[in-house]
Amino acid sequence: MNLTEDNPDFSRPGAWRRYVPLMIRVIVILVILAIPLKIISYGYLPPDDALRHAAKAVSGKPWGQILVLGPAFRDQNFVWHFFLRQIFLLSHCSTDQLVVFAVTGLFVLFGWSPIPWLKRPEAWLITLTIVMVTSGILQRLMLGRPFLLTFSGVLTILCAWQFRGSSPPGWRTWTWVTALIGICTLVHGVWYLWGLPVAAFFLAGQFRWGVVVAAGWVAGALLGACFTGHPMDALCYAVEIARRTVELHYVEHTMSIELQPFSGNILALFAVGGLLILRSLSGMHARPWRSNPAFWLACICWVLGFKAARFWNDWGWPGLMVLITCDLQFLLEACFAVNSLKRLALTCGLAVMTYWAVTSNFADRWTQSLTWSYLTPDNRDLNGWLPDRGGIFYTADMSLFFQTFFKNPDAAWRYILGYEPALMPDEDFRVYQDILWNYGDAKAYAPWVKKMRPADRLVIRGGRDSPPHIPQLEWNYGVSDIWIGRLPRTNAPPDEAPPTIRATAPVEQTTQPAASPK
Amino acid sequence: MTDDNGNEHTSPLDAMRRYVPLAIWAIVLLTVLLIPLRIIKYGYLPGDDALRHAAKAVSGKSWSEILVLGHTYKIDHEFGWNLLLTKIHQWENWDAEALVIFSVVALFVLTGCSVLPWLKRPEAWLIALLAASVVSAVPQRFTLGRPYLVTISALMTLLLLWQRHGSSPPKIWMGCLMTILIAISTFVHGVWYLWALPVAAFFFAGQFRWGLTLTMSWMSGVLVGSALTGHPLAYPLQALKLALLAVGMHTTVRTMASELQPDTGDVLALTILGGLLTLRRLARLNAPSLTATPVFWLLCFTWVLGFKVGRFWDDWGWPALMVLMTCDLQLLLQARFAADSFKRLGLTCGLAVAAYLCLTSDLNSRWSSSLLNQYLTADNPDLKGWLPEQGGIFYSADMTLFYETFFKNPHGDWRYMLGFEPTWMPKEDFEIYHKVLWNFGDPKAYEPWVKKMRPADRLVIRGGRASPPNIPQLEWYYAVSGIWVGREPHTNAPPPAPTIPATKQR
């Protein structure tokens, strides 16, 4: 231990040492704020739900007017949309700005959530860098989606236990846990997954905390559901849609990527191994892992990750991050006095390291959206090629929904595929599944092509040299990498962009039909 | 004679023990020499700069006669290296391929041997090479035959010089040696400014005397190295401008040369560092504290800087890590084996075999992929009329096409629009190049080049036989496997006829 700098005699050069802890906290807070701002300055846009949340808020329409919906539907992110809508109405900002707000706000919320509990907040910077180099999880934390609220909630509860765990939880703890879980349920919806941290507390033998978190979970979920106006419906629907999302698919490759299994995230295990070695070599008097709910949460979710990666990404990683931060905090406490200038210098170095590690544009991760081409009505080359009023936008590519809805929140058409395939009508889901089952084989689109009306469009991704092989439709290479098909027109208006490829006779008879999972 | 435990005894083999250290030295040296020879035997050719250095030496031309250049690039950036290869070509009449082989072997051996004079246990270096080879592609970078390997050798020499003599203040001969090393590095490689990294590392480690000596050596070395080019001020100034251009003109990192793109954080290298720390603790090695070691600080800086540009880590961080590994392992080996122990000899033999097999293994065709390269050469009758004519320009957005075509046609009477660094081309052409890459090679993005093409020029694009470039203004010829050559339509051109005639006249 190096405690020589603990000397309370603040001689002239050391008089401002008392400000070292404050400066460190400020540095950490500022770095976490600067990270999303730098990433946004690249022109970054998240690829998925954040776009549709912002567009939904701007459109002001219910989902029924945006998507072709199946039998059961309820907006699980009702409050998040309401919140964004109010911001939009107050500020008249664009969808772009709403997304920027969501990305920045939610990342900062996540990044700041453990700081109040930490005595050595610089440990959190090391954790962020470790997470960055061992996984893609920090990219996930820049998605600007409401699950980040849940992520932050889990971090907060685990940190609270970590640093207040020695004293038994009281009614105040129960109150804020209830409020936290209530807000998460209201904004994000997946109330049932809070069973995981509850189980982790019990497995760690932290029964008092387990009871408090369990009671907070029950009360919070009910409270959150009550605010939706349909408490039982909201709770039941969340479970029902989760069941449909998983059960409707025959194989994982037709599911959205984040619901597919993971491979075990070996580098995260390396981090755990490193922590074990660190504990052993530094003679740390840290609490054993078996009595730590963060450890059990990480274990449970790592195993569940083999069923769906989101268990690990959204619930396991917070556990592991808390575990890493706490051990590093122990180490830092042993190595540096609280007001040490060395500690300040280390924090500055860590701040630079974390900032560069996270904002580094490796493999174009923050600038991919710059090369996206959007379908927008103000593009004259698309005149006549977007769906007409009341038409349906057929596609089997979710990114086309996200990007097109993002750029056309007020459009007068609906999308067959939205943000979750399980929301579609069953017969359309089967077509969608056939397309993915056959890796996009043009033949699998046949049922949609058959029921297409003149107002509808079928949109498929593909290069300039590879138009979709669906000759019943005429095709336009609308924008880079996107083909739009429509029923042949005999008397198109003169200002319309002509088709790149005209419709010809269908070729069903000469080729094999697409395979089906059944 | 003593055994590993320090016990004295005699046996018939004792007389041989005195030769053990010598045998170990010989084994390590031979392994370092054999590795590049074996790799070359596969038919290996590096994929990038080594080809153009050799071709330039054979051509005898200046870069402005080879490339269409902007106004910044005036002096050869790797002056000394190109001069050396030109002299070798003039003396020995070696062709471009022989020069490349020379570059690969000589520079690998230089890098591999630069650490050995400073080691008491050279087998530690074999372990470092082996570990680096298993967890990264860095040893592959040692076989690229490029002059940055001179800088890496100089860096490792300098770091090991400190490891060996760092306990005492630097002597005059050490300062002279550092000056010479930096001068040579500046003369052959050009990136003099990056020596600021080790200088900073020495100061951060609290090695102020060494830091000051290195700073003075750096300044004088850069002066001497630059003076040797004949442009003592313009040469280092241009190097700075070129570096700023290379990283400053791209909107996204995707369009940069891959080695200038950011690194992921190389978590396996961190694992090695963690392993070394554990080893220090468990084996109670008498190693200097990490924070007082310049090597450690250089590691830290370059790892962080790697998030901006991967080369910081590859060219400065990894050599530092290898030096650190070697020094720690040397301490371990010294603690475990007597200098003349047969066990040490046995271990060295095993390590030599392992390092040799590991580095020469043709995993994923890494050493033999160049055998499949198809070249555009003037002596191929099928290409008659399809290479650029006298004074023509070879348009392409693929740097490998420049390397390979220039390598095979050092005397070609044309110039290349894209050379070895895109930002050095004229600004308007860089914008076209950037647009091509931005649009993932969309043929539409080539339009400005197609518009300004003259009959003597050619546009060359990679693509399979079944996917000709969708640029109908040009007629296209599937020249060699994987390469399409486009030219303005010729009405009375000699055979061979185009594979796809032009369909839309301008």
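This short talk goes through the core, the chain interface, the salt bridges and a few single residues of a predicted two-chain model.

Before the details, the conventions: residues are numbered from 1 along each chain as its sequence is written, and chains are lettered from A and ligands numbered from 1 in the order in which they are written. Since the model is predicted, local features need pLDDT of at least 70 and side-chain atom pairs count only at pLDDT 80 or more, while totals for chains, interfaces and linings use all residues, and side-chain values use heavy atoms, with hydrogens and water left out.

Let me begin with the core. The largest nonpolar core, meaning a set of buried Ala, Val, Leu, Ile, Met, Phe, Trp, Tyr and Cys residues joined through side-chain atoms within 4.5 Å, has 316 residues. Here buried stands for under 20% relative accessible area, exposed for over 50%, and partly exposed for what lies in between, with a 1.4 Å probe and protein chains only. The residues with the most contacts inside that core include Phe110(A), Trp448(A) and Leu458(A) from chain A, and Trp125(B), Trp318(B), Leu376(B) and Leu459(B) from chain B. As background, nonpolar side chains in soluble globular proteins tend to be buried together. If we take Leu458(A) as one of these, and leave aside residues up to four places away in sequence, its contacts (heavy atoms within 4.5 Å) include Tyr394(A), Tyr445(A), Trp448(A), Met452(A), Trp475(A) and Trp483(A).

Now to the interface. On the side of chain B, 25 residues are in contact with 23 residues of chain A. The two chains bury about 2,100 Å² between them, 68% of it on carbon and sulfur atoms, where buried area is the accessible area, with a 1.4 Å probe, that two parts lose on being put together, summed over both. Within chain B, the residues that lose the most area to chain A are Val267(B), Val304(B) and Phe307(B), which together account for 22% of what that side buries.

What polar links does the interface hold, in residue pairs and in salt bridges? There is 1 salt bridge between chain B and chain A, a salt bridge being a side-chain nitrogen of Lys or Arg within 4 Å of a carboxyl oxygen of Asp or Glu, and it joins the side chains of Asp364(A) and Arg254(B) at 2.9 Å, N to O. Between the chains, 3 residue pairs are in polar contact, with both residues at pLDDT 80 or more; the term covers a pair of N or O atoms within 3.5 Å, where within protein one must be able to donate a hydrogen and the other to accept it, and residues adjacent in sequence count only if both atoms are side-chain atoms. The helices α14 (267–282) and α15 (294–305) of chain B each supply at least two residues of the side that touches chain A, helices being DSSP runs of H or I with at least four residues, numbered from the N terminus. The largest share of that side, 7 residues, comes from α14(B).

Over all chains, the structure holds 44 salt bridges. One of them pairs Glu258(A) with Arg140(A), with the closest N and O atoms 2.8 Å apart. Glu258(A) lies in the loop between α11 (231–247) and α12 (266–282) of chain A and Arg140(A) in helix α6 (residues 137–140), so the pair ties together parts that are 118 residues apart in sequence. Glu258(A) and Arg140(A) are both buried. Another salt bridge joins the side chains of Asp327(A) and Arg279(A) at 2.6 Å, N to O, and it links helix α14 (residues 309–335) of chain A with helix α12 of chain A, 48 residues apart; Asp327(A) and Arg279(A) are buried as well.

In chain B, Glu428(B) forms a salt bridge with Lys452(B), the closest N and O atoms being 3.5 Å apart. Glu428(B) is exposed, at a relative accessible area of 52%, whereas Lys452(B), at 33%, counts as partly exposed.

I close with single residues. Asn93(B), which is not a glycine, has a positive phi near 60°; Asn93(B) sits in the loop between α5 (79–92) and α6 (96–114) of chain B and is exposed, with a relative accessible area of 62%. Phe440(B) likewise has a positive phi, of about 50°, and is exposed at 61%. For context, most residues other than glycine have a negative phi.
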